[in-house]
Structures are given as C-alpha cells and as structure tokens.
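Here is my note on the two-chain model you sent. Please read it with the structure open.

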Amino acid sequence: MTQLEDLLRGALATAPTPATSTPDPLSDLERRIGRARRRLGSIAVAAVVAIVLAIVLPLALIGSGGDSARIPPAHEGNVPVQTWSAQAGPVLAATAGGGFVWSLELTGLGPGEAITSHTTSVVEQRDPATGAVLRTYPLTTPARGAAYGAGGLWVWGGGDKTHPDTTVSVVEPSPGVVSTADLRQVAAIEGFGFAANHAYAFDARHGVYSLNETGSGAQVTGRRFPGVVDVVGGHDTLFLLGDHRIVAQYPVADGWHPDLDVFYGITIDGLPLVESAKGFWTVQGRNLVQEDPQGHQLGATVTPPLFGNPTFSALSKPLAAVVDPAGGLYVAMSNDGGPRIESLLYYSPAALRSSAPQPTAVHVGSEQAETIALDPAGGVVWFAAGGFGRWNPAGG
Amino acid sequence: VDGRLAEYVRGQWPALVRYATLLCGDASEAEEIVQSTLTRVALRWRFVDDKANPDGYVRRALVRACIDSGKRRRREPALERIPDLGVPDASGRLADADQVRRALATLPPRQRAVLVLRYLDDATEARTAELMGCSVGTVKSQTAKALAKLRELVNTDDIAEGVR
C-alpha cells in the first residue's frame, strides 16, 4: 500500500461526524413520506384525468363506430371450460408442456388447514384433450410453483419451516421419473425460466442459477444480479428483469455477463412478457411492443382492441402472452383492468407484419382464468382455479 | 414508518450523514440526500429483503444517490462549488487528514465514491461494483484515476515532513 493510500485510509477513518441540522430525523422522515405519498396520489389522479381526456372522452364522443381500436373483434364464441377434478387437494399451479397438461396439488391438507410438516404435493399429468389424469407423481414437499421447460416439469418451493424453499423436483415425462434435490447454494426459489434447453432458477436474493437439465438438479452455477426480480427465457436468450433494466444473457454459449446488453428504462411501464424470435414482447401502456435486447423496436406496435364500453376504471389490458413456434402471438386480456383473463387474442405472423395488426379473438367464459400456455396439440390452453380451456384459432 | 426502519434511523442517523458527507463532499447536501434516500427506502420497504438489518440496502441506495446528485451538480456550473483546499501555512504543517478529505471532495462523484467504498468500507472490487451499479473493470479504472488525481492534489512530501 502506498503512502497516499495510507493517508486516505486514515483520513476517511478519522472524518468527523458533521453537526446535524435535523434534531429529529424520524419526524422529518415521516413528514417526507407523507408528502411523497400525497404527491404519488396526485400523480395518480393526474394520470386518471389524462387517460379520461386522451382515451375515454374521445371514444365517448366518437360513439359506437369509426374507431377501430374500440371495435370489439369478431368473437368466435365462448370457449368451454374443460374442468378437472383435483384429486388430491387445492391446485397451486398448472401449465402445459411435453404433450400434456400438468397440475400441482397439495395433499394432506384439510379445508382451512395451514401447511404443516405432513403436507406434501402431487403432480398430475393429464391428457390435454380430455383432462383425464394419466399419471400421478407424489412429491415429498409442499411445493408451490411449477413450470415446464428443458424436457421436464420443474417444481419448486417447500413453503414451511420443515421443508426448505430451496427444494426443486424435476418430473421427466418420458421415463416418468421424479428427481428431487435441495439446492443449498441458493436462497428461496422464486421461479424458473428456460433458454437453450436449460433451466434457470432465480431466487429471493436476486440470484440466477443454471441447473442441469435432467436428473437431480444438484449441479448449480450462477451469480447474483442485483435488482433482478424475474427471468423470462426461450430460444437461446435469457432476459433478466430488474429495477428499470433488462439484462440479456446467453449463459449456455457465453457464460454470465452482468453488464451485457443492459437495457435501461423499459420497465417503467411494462413487463417483458415473452421472448420472440429476435427480442421480446413487452407491455407499454395498452400496447404490445416487440423490441430487441438493445431497445430497438421491431415491427409494428400492437394495440389490442378495447372490449365493451370502456371507462377510465375498466380498460382492457394485456396480462400475459405466449409466442407459438411460427411467431404468432397469443395475448391474454383482462377486460376490466383486473387480474382475471377474460379474452384471448391471436395475432398471426401475417397479421404482425401489417402496419395495424388485427387479432382473432375469443371470450373465455366466466371462469377466473389465471395463466396461459401453448397447447401441445396446437393453439393455446388457459388455466383457472377449477380447470382449463383450449382454443386453436386455426380451427382445431 | 415500520418499527424496524425507525429503530435503524434513530441509531444510524449520524453515521449515515457522515458516510454521505464523505461520498458527496458536502455536509449540508449529505443530510438532504440521506433523508431523501431513507424516504425512498421507506416507500419501497416491502422490497427490502433483510428488514432486520437494512444497512446494506440503505447504503447501496445512498451510494447511488450521492453519485447521481454529484452528476447533477456537475451539470449545473452556476452552483459548482470548489472546496477551499487551503494554502500551505508558513510552517508547512498541514492538517494531513483534513487536506486529504478536502482534496477528496473535489473529485468527480464516481471517483470519490469508489475511494470511500474501497478505503473506508474495505469493500472488494466486486462488492464496490455491485454497490455502484457498474462493472469491476470500471471500479479498477475509476480507482486508478481517483488515486492519480488525489496524488496531484495532495503534496505527500509536505505531509511526510509534517508527520516527522
């Protein structure tokens, strides 16, 4: 260490504490928080007023015709719900993949009872055409999330003090086996993303970890990305969503690079929904925009139609999306701004190439749909608490 | 304000102001930065992982707030302040530590922050990069530039004589 470094270290260590001009910092802090909350409230009111002036009022003045954004698309009718009977207990998660529909259910849990050390869960592998249970896989923990990718169904979480939240099970449908491992290197697992046929877990401490694609999942490599709260994957790219930034990673080909393709500012108004062939789709306000990892817009902005008679408190908005192998975009819409999926839209690759893409749409009925996934038989499958429905705009 | 955050603020207020003063080079501005940072932390409290010990979260936010504030100030030439580095007194005996601190206050915000993190907090290069939101390479280059600049501003020969 040089003399200057010694001096610097000493100067910093002996720096005096400045006399404070704030006699009661806590009271001052509470006043500031109150002001900030009032300011946020004012901004929200201003935003509502702006929406009314910019969208609702013009629509009301125009009336029922003339505005293509307002005209509900031709619904092809309601999609009947294919209900399943949860054989074990409450359904915690459902998805589709590998040619099947999968549901994760808790077992050993009576009505109103909390999760205990006796609680476990089962995975049910179902026929997507009929909903019939083809096979049941008992797990040793009360898992709480499931996602399909990299050749298997990945189930995570313990959820109580007996089973750690770092438990991961992999159900591989081909041999029909379950492997379970406790990934002690990571914090509580929050979810999974998939890229280049590899599975990636992200945890509560902003860590993103690569797991071996089959087997016990015990081989873990990864690193922490401060601020990352979600991962979205597909093809060869893994997108890490953080606080006002998205980091594109190509871990299989190139390892981990925290500063690679950092894209700031996009998440102010949107979420990365799903990876497309060259980038990802995000929600920005009411629109869907396809962008590359550097933030350049690809193609036309997609503006999903408004349904019914929108008011400022009940605007249709996209909740989730998936991209099919041909590049078509399925969008799950809330009709009233809430968390319930009520309509499904499909933008074909040809429609997406036009300057004003128009979708095919369908109403999913009155069930509370929550998530969607690509249907193994073509089209899309959507899940609700009590079942699932299927829709194939190609006519299947 | 959550009780744990309130307790933290009561106990750590002087230390946070001192830390921010070193980071931003101005005591009065430091107090304002600490308050605005704590306000942001309080509003985002549900995202804080370790609520029993939020020091790491607060200090990371403080580092970035000081860097941002320094950048804004450097874009405002009318408000630019150049701390008085003093003139060597007749005896040539400068208060060494004070001279170093005043020289530190003249550095660009990122250079100042990197020195505080590396030499006060003893943060590793990786940890410094994480706190500043930049790469390890940036930490290395900023540290080298900051030390070079500090060496220009501080006459180590005079100080060495003063120590003897």
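Is B:Glu32 buried, partly exposed or exposed? B:Glu32 counts as partly exposed, because its relative accessibility is 42% and the partly exposed class runs between 20% and 50%. Keep in mind that this is a predicted model.

1. **The partner of B:Glu32.** B:Glu32 forms a salt bridge with A:Arg32. The closest N and O atoms of the two side chains are 2.7 Å apart. A:Arg32 sits in helix α2 (residues 25-62) of chain A and B:Glu32 in helix α2 (residues 27-43) of chain B, so this pair joins two chains. A:Arg32 has a relative accessible area of 16%, so it is buried, the cut-off being under 20%.

2. **A network around that pair.** The A:Arg32 and B:Glu32 bridge does not stand alone. A:Asp28 and A:Arg31 belong with A:Arg32 and B:Glu32 to a network of salt bridges. Please look at these four side chains together.

3. **The interface as a whole.** Chain B brings 41 residues to the contact and chain A brings 34. About 3,300 Å² is buried between the two chains. Carbon and sulfur atoms give 64% of that area. On the chain B side, B:Arg18, B:Gln35 and B:Tyr119 supply 19% of the area that chain B buries against chain A. No other three residues supply more. Across this interface there are 2 salt bridges; the pair of A:Arg32 and B:Glu32 joins the chains.

4. **A helix crossing between chains.** Helix α1 (residues 3-13) of chain A meets helix α4 (residues 96-105) of chain B. Their axes come within 8 Å and cross at roughly 90°. The two helices are therefore roughly perpendicular to each other. From α1(A), the contact uses A:Leu7, A:Leu8, A:Ala11 and A:Leu12. From α4(B), it uses B:Asp96, B:Ala97, B:Val100, B:Arg101 and B:Leu104. The residues of this contact divide into 7 nonpolar, no polar and 2 charged.

5. **A salt bridge inside α4(B).** B:Asp98 and B:Arg102 meet through their side chains in a salt bridge, at 3.4 Å from N to O. Both residues lie in helix α4 of chain B. They are 4 residues apart, about one turn of the helix. What are their exposure classes? B:Asp98 counts as partly exposed, at 32% relative accessibility. B:Arg102 is also partly exposed, at 24%.

6. **A longer link in chain B.** B:Glu130 and B:Arg60 form a salt bridge as well, at 3.5 Å from N to O. This pair links distant parts of the chain, 70 residues apart. B:Glu130 lies in helix α6 (residues 125-132) and B:Arg60 in helix α3 (residues 55-74), both of chain B. B:Glu130 counts as partly exposed, with 29% relative accessibility.

7. **The fold of chain B.** How many helices and strands does chain B have? The secondary structure comes to 8 helices and 0 strands. Chain B has 164 residues, of which buried residues make up 45%. Take the contacts in chain B between residues at least 6 apart in sequence: 65% of them join residues at least 24 apart.

8. **The overall count.** A search of the whole structure, over all chains, finds 13 salt bridges. Among them are the pairs of A:Arg32 with B:Glu32, B:Glu130 with B:Arg60 and B:Asp98 with B:Arg102.

Note on methods
Residues numbered from 1 in each chain as written. Chains lettered and ligands numbered in written order. Predicted model: local features only at pLDDT ≥ 70, side-chain atom pairs only at ≥ 80, totals over all residues. Heavy atoms only, no water. Axes fitted to C-alpha atoms, helices over the stretch in contact; angles between N-to-C directions. Parallel < 35°, antiparallel > 145°, perpendicular 65-115°, else oblique. Contact = heavy atoms within 4.5 Å. Nonpolar A, V, L, I, M, F, W, Y, C, P; charged D, E, K, R; others polar. Buried < 20%, exposed > 50% of the residue type's maximum accessible area, 1.4 Å probe, protein only. Buried area = accessible area lost by both parts, 1.4 Å probe.
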